[in-house]
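Thank you for letting me take a few minutes of the meeting. I would like to walk through a structure, and I will ask you to keep it on the screen while I talk.

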Amino acid sequence: MMRPITPKKQGLYNPSNEHDSCGVGFVANSRGIKSHKIISQGLEILTNLTHRGATGYDPKLGDGAGILIQIPDALFQKEAKLLSIALPGEGEYGIGMLFLPQAEKTRALCESIISKVIAEEEQIELGWRNVPVNNQDIAGAARNVEPVIKQVIIGRGDNTDGQVAFERKLFVIRKRIENLVQALDIDDPASFYVSSMSSRTVVYKGMLLANEVGVFFPDLLDESSQSALALVHQRFSTNTFPSWDLAHPYRMIAHNGEINTVRGNENWINARQEKMKSMLLGEDLEKLWPLITEGQSDSASFDNCLELLVAGGYSLPHAMMMLIPEAWSGNGLMSQERKSFYEYHAAMMEPWDGPAAVAFTDGQMIGATLDRNGLRPARYLMTDDGVVMMASEMGVLKFPEEKIVKKWRLEPGKMLLIDLQAGRIIDDAEVKKLLASAKPYESWINQSRFLLSDLRKPTVKIKLQSALLDIQQAFGFTQEDISFILKPMVSDGQEPSGSMGNDAALPVLSNRPKVLYNYFKQLFAQVTNPPIDPIREELVMSLVTFIGPRPNLLGIEETSPPPRLEASQPILSLEDLEALKNIEQTTKGLFKSNVIDITFEVGRDESYSQAMERALANICNEAKQSVIDGLNIIILSDRLTDNNRQAVPALLACSATHHLLVKAGIRTNTGLVIDTGSAREVHHFALLAGYGAEAVCPWLTYETIRTLSDDFSGAQEKYIKAIGKGFNKVMSKMGISTYQSYCGAQVFEAVGLNQAFIDKYFKGTSTNIEGIGIKEIAEEVNQIHKAAFGLDPTLINALDAGGEYAFRIRGEEHMWNPESIAKLQHATRKNQYDTYKEYAELINNQTKKHKTLRGLFGFKKTKTISIDEVESAKEIVKRFATGAMSLGSISTEAHATLAVAMNRIGGKSNTGEGGEDKKRFIPITKDSSIAEHLGEDIIESNYALLAGDSMRSRIKQVASGRFGVTAEYLSAADQIQIKMAQGAKPGEGGQLPGHKVSPYIAKLRFSVPGVGLISPPPHHDIYSIEDLAQLIHDLKNANPSASISVKLVSETGVGTVAAGVAKAKSDHIVIAGHDGGTGASPLSSIKHAGTPWEIGLAETQQTLVLNQLRGRVILQVDGQMKTGRDVVVGALLGADEFGFATAPLVVEGCIMMRKCHLNTCPVGIATQDPELRKRFNGQPEHVVNFFFFIAEEIREIMASLGMKKFNDLIGRSDLLDMQQGIDHWKIQGLDFSRIFYQPDMGADVSRYNVEKQYHGLDKALDNEIIKKAMPSIEKKESTTFDIPITNTNRTVGTMLSHEIAKRYGNDGLPDNTISVKLEGTAGQSFGAFLAKGITFNLHGEGNDYVGKGLCGGHIIIRPPQHFKGIEEKNIIVGNTVMYGATSGESYFRGIAGERFCVRNSGASAVVEGVGNHGCEYMTGGTVAVLGETGQNFAAGMSGGVAYIYDPEGTFSQSCNPSMVTLEKVAKENVQPKGAKHLNLSDETILKQLIVNHHKYTDSSIAIDILNNWDTAIGNFVKVMPIEYKRALNELHAATIKEVA
Amino acid sequence: MGKVTGFMDFPRVAAENVPPAERVKNYKEFVLHLSDEEAKTQGARCMDCGIPFCNNGCPVNNIIPDWNDLVFQQNWKQAIEVLHSTNNFPEFTGRICPAPCEAACTLNINDDPVGIKSIEHAIIDKAWENNWVLPQPPKNKTGKKIAIVGSGPAGMAAAQQLARVGHDVVVLEKNDRIGGLLRYGIPDFKMEKSHIDRRVTQMEAEGVVFKTNQNVGENVDPEQLIHDYDSVILAGGAEWPRDLPVPGRELDGVHFAMDFLPNQNKIVAGDVIKDQITATGKNVVVIGGGDTGSDCVGTSNRHGAASVYQFELMPQPPEKEIKSLVWPYWPLKMRTSSSHEEGCERDWSVATKSFIGENGKVKELVAARVEWKDGKMQEVPNSEFTMKADLVLLAMGFISPQQTILDKFGIDKDARGNAKAETEGENSYTTSRSKVFAAGDMRRGQSLVVWAIREGRQCARSVDEFLMGSSSLPR
């Protein structure tokens, strides 16, 4: 669809990266009674969801909003009369809601096409109506591109029998119109677009603010507009470019979330084209292609696919279950019947995977469903007169409490359905039972399914064509592949870990030949979509793969389904592959496989690349022919590799074949299996899968493993397991849960491959800096092959050294090497600038040893000035920050050194994710030493501090583990940084191994000493951009004087994400390079995820400037920053500030041991071992010297560029060019013009930070509360007052808590000093970081994030008095309640949503039921659940205790047993002596909680339990973490010893 | 890697030595190699660093962490393969290398470095014992002929590398035995000469032809060599000793170290030498505090000297270097060699002013204390002293190669009088004359054996590239 005002692809900006997310809701009369009120209510919901949207540079410019209603027949009858149109009865006509071009001529052309198609499809064009609009108050930018909005009224033709067929026809007409107009390529400010075309529904939407929809469309205010349903949507887009058509709802859905697999889903739809047949659509099916319009949003594509399924005859709920299936494969609680339903359909349609709350309607039914993870919130309520209201949050529409009979939430994978015709609400279980039992799916599967494991052959041994070593070398194996990659996998069944960042040369810059895999980088989820936690939330993950032909997607009448071949995971053993080869015999010819050899010999008159291209063409032809011949499994194999035959890179062969078959529309007729010697690490498998392989057999890796272990089959099994785990991680990094939807999803980008090559073989993959093509790839393959069979004496007995993961003399180049480290350390210790310059020269001069992109940049010659005119070094160093390295990952000594140094120079140090000792917040007033302040027992290596020093880290990091994040901690910040991703391992959580969790670290993190700590991959309160906006708002409230920073990692599209983050009101954005450091990370992440910051920073700068958002934020860049030159390049590409991490560590003494994860750092930096910490030798002075050296070098360069002020450098990418004189066969192809690009935006659009964000704190309810509570805050007097609350009052109590924390720290005030009674529905984050001394007593309900980071306060929530429902059966608070709470109490009279008390580390809570993942990652505190729990309770729980009331005895099925044991709760008199939680007996703790719960909430379930205490106690289950128990026992043993 | 916490669990243990009182009785090697068990724990101390500084500190870039780990695993066979892949002659370096690798070891920052040298020693001894060191004759011959002038470690390393890729190599040695400085510069008690013989045997099996008594420039015509061979490598030593031109220098009993040491080696080898300079019963003064001086001390003690003094002009270095400013580089610090342990008085900042003789024989030495300021030396007033001296050995280093041979080849020299050739780039190790290459001390001046091996290997690659267009030899 043409979108003229949205900027075209330019520089690194690509409009296809745009993301959105949003608030969604509907209201419906389940009895089907139409009224105008429903429409008004819909509009009210929209207005109250406004805070879930965002505005751009112009506060009036929203991201779009809209409403879908049933066709208001009365309105149209009235209007038709005025227009003299003879309108038939309801259901006999359809309305096409059209956005038309502004230019009259093109508009007329479009209209004529519409008329023509209606006529050709033999329907009746009844007439046209100009839709009245009131555009006076909309933003100028929106008005500039405002389309002419018309409705075409279409009568049902005689050839169309009934309304269902008419709907189908209208769909066909619309698709045809769209395709025809698309072909015209119209140039007009406004896009042509069909919002809806149906005889049942009509969509009113546009580039409007949520509260403007009703104003803009007077139709909606007309009393004669009546509908029984209203589906509404408010969009939050990352960009600020107005586009009318991107507003929701679409024709059938409104979506909150993001489809992560959309690229693959679209490909797979196209891949089916030839095979698809529909009884219902018949020949009309042909007219629908292309089904999915190029370049539209993921939600729109999803809508297209849903329409197809519905038009093809699936019912709406049936189609939704196919597209967004719940997690079924590992679900022990699901009925076999339903599992069979899902399994049957799994072969037909891969899940559209990603966070999603989708509301859908066809005008007859309306409903909503949630993705399998439940990552988006959706709450609903029902009234006694049949009205159902669903929305992202509660409180958006008020109903009298006495009318409400049920309040509930959509649960993960569940569906809510209202059948307006039948006049009833159908719950998830019923609708799914109905559909699952409609056909004999189980027996169909049993008839048609073959499990690969059943066909397996006995042991297979490969006959190698040459010596193993030579073959290994031919596929590029290195010593590191054996020692770093394979050995750990074979011995532990785990993906290997490493530490520190990647400082090796980029593959395209390397002098050494690289395998093709290395040129691709994994994409990952950040901000707009969440990564998944594949370990703790494994139940949603699935590696099931289907190999071979897929059934007809629209074969709804199929009674004997075609055969399907299923494998439980995609890594094939040698035996599996043998089974595939022989499959024709074992399946009586149902499957036939064809092995295609992908090796080739170079002909005498051929160049290497000609030979390879010839081989590729042959492979593709043979593949295509074999599909045509009816062979239905293709195996691409390189086993014939020998000294004459080299292999086409398996990835290249795989992708080329896959794309060719997709293009031909026959891809789903066959399976594609790769049998390759090249695949060994997780990244390789992920790539093959991402480009279409349904399964992979790494034959050479198996042969290699044979030499590593005496027990081959055990080793093979462990290896497969390790790769499987790694696979889950890679998929989850991108927020994808199933292999099936990952397969072909192409979630990668290329760095250093040219566009022509990508377009030919990897179409749709992003590549930004051009680079090598088929010629150089063939050359590399040949070099590797030649070396393998050549005479090089170092390769006669051994593999190549590698040197990718660690510096090796004969290996890859690294920037940190013996020389550069020695020079830097000597320079900073001696304060010798000359030596620093020698160091800088080693890094900066990359004319010979090229390692980074910036190394290839040159500065253009300009007028120079004297260095005396340049801004002082003292000013420049203020722009520097040190990286987020937690106390825990590094030692106290190393951590504090950085803080002291940064405070001395006026820069900023960063706590990292690990809290901070409050002693460090106290300024140092006299010359002293660190041990004097932190304690002799804490410090192993003392050093001097000076008067005026401070050990406080000015940046406080908030990451997903929320370790030590308290009101006091946040109040001590100058900047609060939200870590969305980390350069070394974007899309993953963190891990601090148990041996690094010393008692001191555990104290700061509120955890158990010796127990490893894991930060989850996602922040459990950020599953989309508007969630991030919410967290930013929370943190701003927690410390209004601190700026809020969001840390992102460079990848394609990061600029667009950054624009969204700027709109979410972040004050500061960090763009980290892929090469950032880590204390522990899987090696594949260190190496293969993210891109160099040069690309990401440039894209961010360009996108922010284009969006006119750049001036609002400070942009910081980090990632292997080493010299002043690096800084200047960063500034020219758009950065205001600069982060350094590894280099300052080297200054402190780090020698890149890369042993951080082992706790054996021999220089006392990345270790907690007291003996090793004694060896720490760093000093703040050295770090100060370093930063002044950097600044001095910057000044020299500034003088040479004629720049006086640092700000003048920022964004001046025009001063960069590619360095001359680098004449290298691989580098020659690079093109940096997109990096150096500057958007043409006029001088008034700022290029660096000039203004502050507006956070709207002046409107917060807390201002009033603080005023009322002032006597308490200042004089500790008790205050009690009442206050009403509504859902737009977000983050209530947090600013108040800041006022307390600022004065009293975490000690706060005595309990109940400030007692507030509230009434109504609280907005998100109610009571976040609530400080000690505050009690919130809410009559009403809470939304998501209640008590987030609770910090000593008390929260009580109970339903309003008039509520009709049964309290303990209704929801009272939303998702992720008490996330990261550290202390305090809460009592909830009712049920909580998913992820209750995640990462609680000390608070206690009572609740009457919880959703999935309760108490996940908990490390402390007490939880009592007086009702049912969802699945996966206590996953990753390492501390604290939960008590579950379980009279039915079913809890154990819901509990994740991997880290906890379930015990009985003993009566106090019989509880065994020994260590106790909180030093109290279980009975005392539990009873006190329940007594309190009853006292505060009047809970009837509590009183029942208390009244029958002696029996009831027996019905409680105590969830006891194994590690916690161990720690308590150790503590107890120690105490006894002490006493003795 | 061996053991993650090995460096914290085990102390450094050096190879055991025969006690001084015992060992001075003969000329046998006195450093014993580590037992298997010792080698294993010493190997376990290696941390398998992310950046193996040792690897870089070692001039031949020995892949130390790898063989440390292999020794830890007791996989000696593979250990020697890895060791041999960078170092042709670990039995030489394992005995007489000062081990810059250990200075660069990351444990040396704040702990005792890994005993790399003794592990190397153990590996190669084990390899010889097990007959794992076998000739590696080339599969194909190239037909190219190469002459190497000098059979020291540089010449030997170049010869072995070149022979293994199929060239016909002839090594020309001016002395009567192969080995150069290894043979006659280093006393037997540091390295027994059978090690050289064993290598020569291996290399001969690989096709190298050794010719002794070939004094190029004297009895062999350089031009003829250039004419007869496809290339020539100058791999001789830096043998021009620094002299001490003070009154009395001409007296009998004042000798260069290299007039003293070789003869002892010859005697150990069974030769009969007339007029051997001996230290027996004499008051010996060694002038020069370096390795050669040490060797003179050790040999004098074995001769049964009455007393041994050693003077050094430079001030006494600090007992310990400031590691944070020096590591990973070779530190200047007080070093006590095994010869010093055997009995010797050392003194620093001493300048010898004259020798006083009787009957043409030296009897006394006159010296004075000096002070160093800003790199300049000044005599301390009234500090002159005399002492008894029956034998004075001058071990003050070497200036450069003998100039005559370089002149006879007609090649350019650098400012220090060495053969001029670069070590990096396309024309590495080539001299100003086509076909003529230079490596080792003759190119870089007086240096360590390990540097000579490095240059020999790198030069071999350059020669191979020059002859064949490309080379599979490692640098």
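What follows goes from the chains as wholes to the cavities, then to a helix pair, and finally to some details of the backbone.

I should say at the outset that this is a predicted model, and that what I quote from it is computed.

Let me begin with chain A, whose secondary structure comprises 50 helices and 56 strands. Along the principal axes, the C-alpha atoms of chain A fill a box of roughly 95 × 95 × 75 Å. For 1540 residues a compact globule would have a radius of gyration near 36 Å, and because chain A has 32 Å, the value agrees with that expectation.

Chain B, for its part, has 20 helices and 16 strands, and its C-alpha trace spans about 70 × 60 × 45 Å along the principal axes. Here the expectation for 475 residues is a radius of gyration near 23 Å, and since chain B has 23 Å, the value agrees with a compact globule.

Now to the empty space inside. Rolling a probe the size of a water molecule over the atoms shows where such space is left. The largest cavity has a volume of about 620 Å³, and its lining consists of 42 residues, with A:Ala884, A:Gln982, A:Gly1077, A:Thr1078 and A:Gly1079 nearest the centre. In chain A, the elements that contribute two or more residues to this lining are strand S31 (880-884), strand S37 (991-992), strand S43 (1137-1140) and helix H39 (1142-1148). Of these, H39(A) gives the most, with 3 residues. What is the chemical character of the lining of the largest cavity? The residues divide into 17 nonpolar, 18 polar and 7 charged.

The second largest cavity holds about 270 Å³ of space. It is lined by 22 residues, and the closest to its centre are A:Val515, A:Ala647, A:Pro649, A:Ser678 and A:Val781. Strand S25 (646-647), helix H20 (650-663) and helix H26 (774-789) of chain A each supply at least two residues of this lining, and H26(A) gives the most, with 5 residues. The division for the second largest cavity is 14 nonpolar, 5 polar and 3 charged.

Let me turn to a helix pair in chain B. Two packed helices are described by the angle between their axes and the distance between the axes. For helix H10 (residues 153-164) and helix H20 (residues 449-468) of chain B, the axes come within 7 Å and cross at roughly 35°, and the crossing is right-handed. On the side of H10(B), the residues in contact are B:Pro153, B:Ala154, B:Ala157, B:Ala158, B:Gln161 and B:Leu162. These meet a set of residues in H20(B) that includes B:Val449, B:Ala452, B:Gly456, B:Arg457 and B:Asp464. The residues of this contact divide into 10 nonpolar, 2 polar and 2 charged.

Finally, some points on the backbone. Where in chain A does A:Pro249 lie? It is found in the loop between strand S8 (229-237) and strand S9 (253-257) of chain A, and the peptide bond leading to it from A:His248 is cis, with omega near -10°. In chain B, the peptide bond from B:Trp327 to B:Pro328 is cis, with omega near 5°, and B:Pro328 lies in the loop between helix H16 (323-326) and helix H17 (338-341). Back in chain A, A:Asp185 has a positive phi of about 55° although it is not a glycine, and A:Asp185 sits in the loop between helix H5 (162-184) and strand S6 (193-198).

How values were computed. Residues are numbered from 1 along each chain as its sequence is written. Chains are lettered from A and ligands numbered from 1 in the order in which they are written. This is a predicted model: local features need pLDDT of at least 70, side-chain atom pairs count only at pLDDT 80 or more; totals for chains, interfaces and linings use all residues. Side-chain values use heavy atoms; hydrogens and water are left out. On a 1 Å grid over the protein atoms alone, a cavity is a set of points where a 1.4 Å probe fits but cannot get out, and a pocket is an open set with protein on both sides within 12 Å along at least five of seven lines; lining residues have an atom within 4 Å of a point. Grid points are joined across faces, edges and corners, and a volume is the space filled by probe spheres set on the points. Helices (H or I, at least four residues) and strands (E, at least two) are DSSP runs, numbered from the N terminus. Ala, Val, Leu, Ile, Met, Phe, Trp, Tyr, Cys and Pro count as nonpolar, Asp, Glu, Lys and Arg as charged, and the others, Gly among them, as polar. Axes are lines fitted to C-alpha atoms, for helices over the stretch in contact, and angles run from 0 to 180 degrees between N-to-C directions. A crossing is left-handed if the near helix is turned anticlockwise from the far one by less than a right angle, and right-handed if clockwise. Contact means heavy atoms within 4.5 Å. The radius of gyration is taken over C-alpha atoms; the globule rule is 2.2 Å times the number of residues to the power 0.38.
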